[in-house]
Amino acid sequence: MKFIETTLWQHGKERCVTFSYDDGRIEDKRLVELFNKYGLKGTFHLNNPGFEEHFPQFLKEPKFVDPGEYETLYEGHEISCHSAQHAFLYYTPDEYIRREIRENRVFLEEICKYPVRGMSYPFSSYDGRVAEACRAEGIEYSRTVSATNSFGIPSDFMQWDPTCHHAEFTKELWEKFMSPMLYSFMRLFYVWGHSYEFSTEEHWSKMEELCKTVGGDSNIWYATNIEIVDYLNALRSLRFSASCDTAYNPTCTDVWIKADHKPVCIKAGATVRL
Ligand SMILES: [Zn+2]
């Protein structure tokens with residue numbers, strides 16, 4: 001009997017890194033430059049224009065990326081929802097939540113020209129009811145702000161807790177992530193934040209140091225949030241024979257598993273004898 005473990009990311013890698021930034025402020029431009037320089041992938045959660053008018057008390061003349069620049073700026077990264085008006089979704093009715101997500105999707109999809117299927121909760125204001133309403137509008141994952149300081153995969157992607165905020169990133173945490181594994185395990189390092197938090201050159205140089213530390217490792221898969229969700233869905237769609245000696249991949253994504261502790265690629269549409 002084969003020993004089977006579905007514990008590998010794309011290209012047979014054991015570690016994956018992703019970034020997630022909210023609100024689409026002008027500082028995203030410099031952040032994307034950093035991500036591109038170090039080969040990192042980010043997901044950018046964006047609202048509809050004009051939402052800041054609802055928050056004059058704490059948003060004093062904020063500067064946002066012009067939606068006309070989204071397509072070029074975020075190319076190679078992911079554009080994702082953050083609700084049309086940056087609403088406190090927990091304190092709104094279902095109809096409002098659904099409208100917030102639908103209008104946000106329609107606005108973003110018109111620009112990026114692909115289905116936008118992810119989000120982060122504005123103000124992290126959510127519960128199970130909010131998650132269900134978002135799911136009903138075609139959302140497949142949503143990020144919270146609750147740092148886990150660990151590297152697991154969420155059991156429910158509608159409540160996706162990140163590893164840490166960028167300000168909480170430490171070399172020690174990174175070394176833990178990179179340390180040898182006692183057992184086979186898919187590790188995920190998820191950093192979130194807002195680019196406007198980089199308000200001084202010192203902040204930017206710290207962020208560049210973070211990017212340099214985590215980037216450029218051929219053993220790590222750098223992915224957007226939705227690429228992670230899509231890959232795991234494909235991995236979970238594998239069909240095995242009763243003996244687990246044969247696997248069929250009915251999806252259009254190549255996936256990797258371990259059979260008797262060795263990596264095996266099961267190509268899209270292929271049936272493989274393990
Ligand atoms: Zn926000």
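These legends describe an overall view and several close-ups of a predicted model of one protein chain.

**Figure 1. The whole chain holds 7 helices and 14 strands.**
The radius of gyration is 19 Å, close to the 19 Å that the globule rule gives for 274 residues, so the chain is as compact as a globular protein of that length. Along the principal axes, the C-alpha atoms fill a box of roughly 65 × 45 × 30 Å. Buried residues account for 50% of the 274 residues. Take the contacts between residues at least 6 apart in sequence: 67% of them join residues at least 24 apart.

**Figure 2. The surface and charges of the protein chain.**
The accessible surface comes to about 13000 Å². Carbon and sulfur atoms supply 52% of that surface. The chain carries 30 positive side chains and 41 negative ones. The centres of these two sets lie 6 Å apart.

**Figure 3. F177 and F189 form an edge-to-face ring pair.**
The structure holds 27 aromatic pairs. In the pair shown here, the ring centres of F177 and F189 are 5.3 Å apart. Their planes meet at 80 degrees; edge-to-face requires over 60, so the pair qualifies. F177 sits in helix α5, residues 171-178, and F189 in strand β8, residues 187-193, so the pair ties together parts that are 12 residues apart in sequence. Both F177 and F189 are buried.

**Figure 4. Ring pairs build an aromatic cluster.**
The members are F19, Y21, F35, F44, Y70, Y74, F107, F198 and W204. Pairs of rings link these residues into the cluster. One of the members, Y21, also touches H194, the subject of the next view.

**Figure 5. H194 is a buried loop residue.**
H194 lies in the loop between β8 and α6, the latter spanning residues 201-214. Its relative accessibility is 13%; the limit for buried is under 20%, so H194 counts as buried. Leaving out residues up to four places away in sequence, H194 touches Y21, D22, D23 and H166.

**Figure 6. D23 has a positive phi without being a glycine.**
Phi of D23 is near 90 degrees. D23 is found in the loop between β2 (15-22) and α1 (28-37). The residue is buried, with a relative accessible area of 9%. D23 is also among the residues that H194 touches.

**Figure 7. N149 is a second view of positive phi in a residue other than glycine.**
Here phi is about 55 degrees. N149 is in the loop between β6 (141-143) and β7 (164-165). At 39% relative accessibility, N149 counts as partly exposed. D23, by contrast, is buried.

**Figure 8. A84 is buried in a loop ahead of helix α3.**
The loop runs between β4 (78-81) and α3 (94-112). A84 has a relative accessibility of 2% and counts as buried. Beyond residues up to four places away in sequence, A84 touches N47, N48, F51, E100, E103 and N104. R105 is 21 residues from A84 along the chain, and their C-alpha atoms are separated by 8.2 Å.

**Figure 9. E109 belongs to helix α3.**
E109 touches Y114, P115 and V116, with residues up to four places away in sequence not counted. F88 is 21 residues from E109 along the chain. The C-alpha atoms of E109 and F88 are separated by 23 Å. Compare the pair A84 and R105, also 21 residues apart along the chain, with a C-alpha separation of 8.2 Å.

**Figure 10. N249 is buried at 0% relative accessibility.**
N249 is found in the loop between β11 (246-248) and β12 (255-259). Setting aside neighbours within four places in sequence, N249 is in contact with L238, D254 and V255. The other contacts of N249 are I266, K267, A268, G269 and A270. E208 lies 41 residues from N249 in sequence. The distance between N249 and E208 is 39 Å, C-alpha to C-alpha.

Notes
Residues are numbered from 1 along each chain as its sequence is written. This is a predicted model: local features need pLDDT of at least 70, side-chain atom pairs count only at pLDDT 80 or more; totals for chains, interfaces and linings use all residues. Side-chain values use heavy atoms; hydrogens and water are left out. Helices (H or I, at least four residues) and strands (E, at least two) are DSSP runs, numbered from the N terminus. The radius of gyration is taken over C-alpha atoms; the globule rule is 2.2 Å times the number of residues to the power 0.38. Buried means under 20% relative accessible area, exposed over 50%, partly exposed in between (1.4 Å probe, protein chains only). Contact means heavy atoms within 4.5 Å. Accessible areas come from the Shrake-Rupley method with a 1.4 Å probe; for residues, only the protein chains shown count as cover. Lys and Arg count as positive and Asp and Glu as negative; His and the chain ends are not counted. The place of a charge is taken as NZ of Lys, CZ of Arg, CG of Asp or CD of Glu. Rings of Phe, Tyr and Trp (its six-membered ring) pair if their centres lie within 6.5 Å; planes under 30 degrees apart count as stacked, over 60 as edge-to-face and the rest as tilted.
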